[in-house]
Amino acid sequence: MLRLFQQHELRKGKELNGMWDFVREDTGKAYRLPVPGCWEQHPDMLAYRGQGAYRTKLAVEQDTCLRLEFKGVSHTARVFLDGEAVTEHYNAFTPFAAVIPGVKAGEHELTVQVDNSFGEHSALHIPNDYYTYGGITRGVCMEEIPEVYIERVHFTPQYRDGVWRGRTEVTVRSTGRSVGSSVNGSVSSIDSSVSCGKTAFCVSGWLGENAMMEMAGEVEPGGETILTTEQEFAGITPWTPEEPALYLLKTRLSVDGKEIDDCIERVGFRTVSVKGGHILLNDSRIFMKGFNRHEDHGMCGCAIPLQLMAQDLDLMRDMGANAVRTCHYPNDELFLDLCDERGILVWEENHARGLDLEHMMNPNFDRQCEDCIREMIENHYNHPSIVIWGILNECASETEEGRKKYAAQYAQIRRMDQSRPTTSATCRHFTDICLDLPDVVSFNMYSGWYQDVPVKERHEQEMDWIASAGGAGKPVIVSEFGAAAIYGCRDRSRCKWSEERQADIIRENLEVYQKDPRLSGAFIWQFADCRVTEEGGWFATRARSHNNKGVVDEYRRPKIAYDTVKEFFENWNG
């Protein structure tokens with residue numbers, strides 16, 4: 001399952017999830033591994049960092065143009081069809097696709113070479129306070145598409161003068177190649193007979209039961225055309241955490257009067273804005289009380305199935321949370337679908353965590369961040385649950401060189417999406433020079449754990465500094481706070497690493513944050529314990545090679561702090 005709703009009625013598709021052949025690169029040993037899945041779940045590869053190749057067979061019924069979509073491969077993928085390279089992709093947490101024209105009917109072999117190693121080639125996946133798993137970790141599908149097809153549809157809700165409107169942007173692309181030409185009976189090449197003329201097309205769309213648009217355009221061979229229209233809607237139920245109303249937006253593409261392709265997206269009507277130091281949803285103030293959550297589980301690594309995603313949200317909801325931060329990377333779209341359905345407010349961020357200036361000067365850093373942001377927003381744009389885009393958690397925001405990179409990434413987001421505010425979580429207390437750049441100021445503070453200081457005193461110092469350092473008048477979020485505890489470690493002295501001490505520290509922080517009307521949110525670090533890399537020295541301060549600050553452990557067993565959080569969140573209206 002790739003999404004929680006049907007995405008196509010015309011386009012033929014097939015999920016490729018299942019058991020694939022796998023060969024480990026360093027030993028040459030062969031296995032059968034599940035896709036999606038992490039290779040670390042196999043007893044031979046519990047801590048394997050390196051390369052391996054996945055293979056499976058594709059049955060193609062007729063000559064066609066194939067689109068292969070990968071929701072996540074960790075962290076570098078090289079994709080081949082019948083031995084010919086078709087695409088390459090970096091970053092475990094964003095989806096990518098390969099369009100292959102001229103594929104002949106018959107059986108074909110799909111190979112995905114996967115690499116989860118560290119090095120200069122990987123600016124974002126480095127030894128870190130979470131684990132970089134290996135494998136095809138999210139779902140895969142195969143689709144048959146026409147030569148001219150719908151690449152994406154973006155829907156932006158707007159509310160003006162008491163009327164809901166929607167701006168729909170449809171991207172139509174041409175492969176520029178003809179179905180049927182082939183090389184050695186397998187993968188197609190460019191057909192020399194392709195016409196240089198444009199293809200005329202028509203796009204029609206429906207939201208709910210209402211026809212909402214009719215647009216015509218032309219597309220060059222190998223090019224793309226973007227069509228935009230606005231429409232008023234009556235009888236709309238807005239999307240809110242209390243009533244997360246969702247609508248299906250159905251778009252169809254016609255050439256010469258024949259419908260040849262379609263795309264279905266699920267959308268919600270809501271607006272997000274920043275005003276008077278607050279975050280507004282549908283012009284009403286919201287307070288985000290929630291958790292930082294890593295995609296990590298003791299049973300399945302980062303390849304979390306739908307059932308366990310749902311359990312995570314059930315547990316968060318049981319504690320009274322209304323928000324989640326996807327630390328520190330874009331999440332599986334199934335999880336975002338669940339948040340849409342359940343009215344969970346989402347802060348989604350790009351992939352960069354704790355990078356000092358040396359890491360940010362990696363020659364691949366800018367390009368890999370730009371790709372991650374582009375793929376995150378292009379693919380997740382329509383989720384009403386996403387109310388904030390975040391970047392660069394705890395990076396070198398105290399340096400002039402770092403500031404340039406922060407500014408460039410904020411500018412990229414605003415070029416792509418002006419309907420959501422931006423933020424970045426800082427730990428550069430009293431030295432950060434980037435607080436004027438985002439729409440929302442966010443800071444990570446571990447009073448009582450890393451610093452034995454009074455929580456209220458330290459919080460007031462931070463808030464005064466934010467106001468004087470570029471953050472005056474902006475909403476403020478405490479993006480991380482908490483303490484570590486080993487599940488089952490009970491101690492009447494309430495020593496550090498005990499469940500009692502963790503609950504005490506979380507309580508002390510919540511008592512202060514609950515009483516501060518200047519705050520727009522508070523996110524506990526973290527929901528569940530997660531594995532960390534042994535490389536880079538993280539293990540030295542992370543017992544069990546885990547970040548143990550979860551209020552549940554990696555198997556979702558609650559610690560004492562679970563009930564402490566529940567006590568506060570259930571009685572906190574913000």
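## A guided tour of the chain

Start with the whole chain in view: among contacts (heavy atoms within 4.5 Å) with a separation of 6 or more, 72% are between residues 24 or more positions apart. You are looking at a predicted model, in which local features need pLDDT of at least 70 and side-chain atom pairs count only at pLDDT 80 or more, while totals for chains, interfaces and linings use all residues. Residues are numbered from 1 along each chain as its sequence is written, and side-chain values use heavy atoms, with hydrogens and water left out.

**The whole chain**

Show the C-alpha trace and turn it: along its principal axes the trace spans about 75 × 65 × 45 Å. The radius of gyration, taken over C-alpha atoms, is 24 Å, which agrees with the value near 25 Å for a compact globule of 574 residues. That globule rule is 2.2 Å times the number of residues to the power 0.38.

Now switch to the cartoon, where there are 8 helices and 32 strands. Both are DSSP runs numbered from the N terminus: helices are H or I with at least four residues, strands are E with at least two.

Next, try a surface view. The chain exposes about 21800 Å², with carbon and sulfur atoms supplying 47% of it; this area comes from the Shrake-Rupley method with a 1.4 Å probe. Of the 574 residues, 60% count as buried, that is, under 20% relative accessible area (1.4 Å probe, protein chains only).

**First stop: β15 and its partners**

Select residues 199-207, strand β15, and residues 210-219, strand β16: they pair in the antiparallel sense over 9 bridges. Two strands count as paired if DSSP finds at least two bridges between them. Click on Ala-200 and you will find Glu-218 of β16 opposite. The two strands form a hairpin with 2 residues between them, and Gly-208 in the turn has a positive phi of about 65 degrees.

Then add residues 247-255, strand β18, which runs antiparallel to β15 and is joined to it by 6 bridges. Here, Trp-206 stands opposite Lys-250.

**Second stop: residues 272-570**

Select residues 272-570, which an unreviewed UniProt entry annotates as "domain: Glycoside hydrolase family 2 catalytic"; such annotations may be inferred rather than shown by experiment. This stretch is 34% helix and 18% strand, and its end C-alpha atoms are 24 Å apart.

**Last stop: a three-stranded sheet**

Finally, pick out the open antiparallel sheet of 3 strands, in the order β20-β21-β22. Its edge strands, β20 (272-275) and β22 (284-285), each pair on one side only. Strand β21 (residues 278-281) is joined to β20 by 4 bridges, and Lys-275 has His-278 in β21 as its bridge partner.

Key. Buried means under 20% relative accessible area, exposed over 50%, partly exposed in between (1.4 Å probe, protein chains only).
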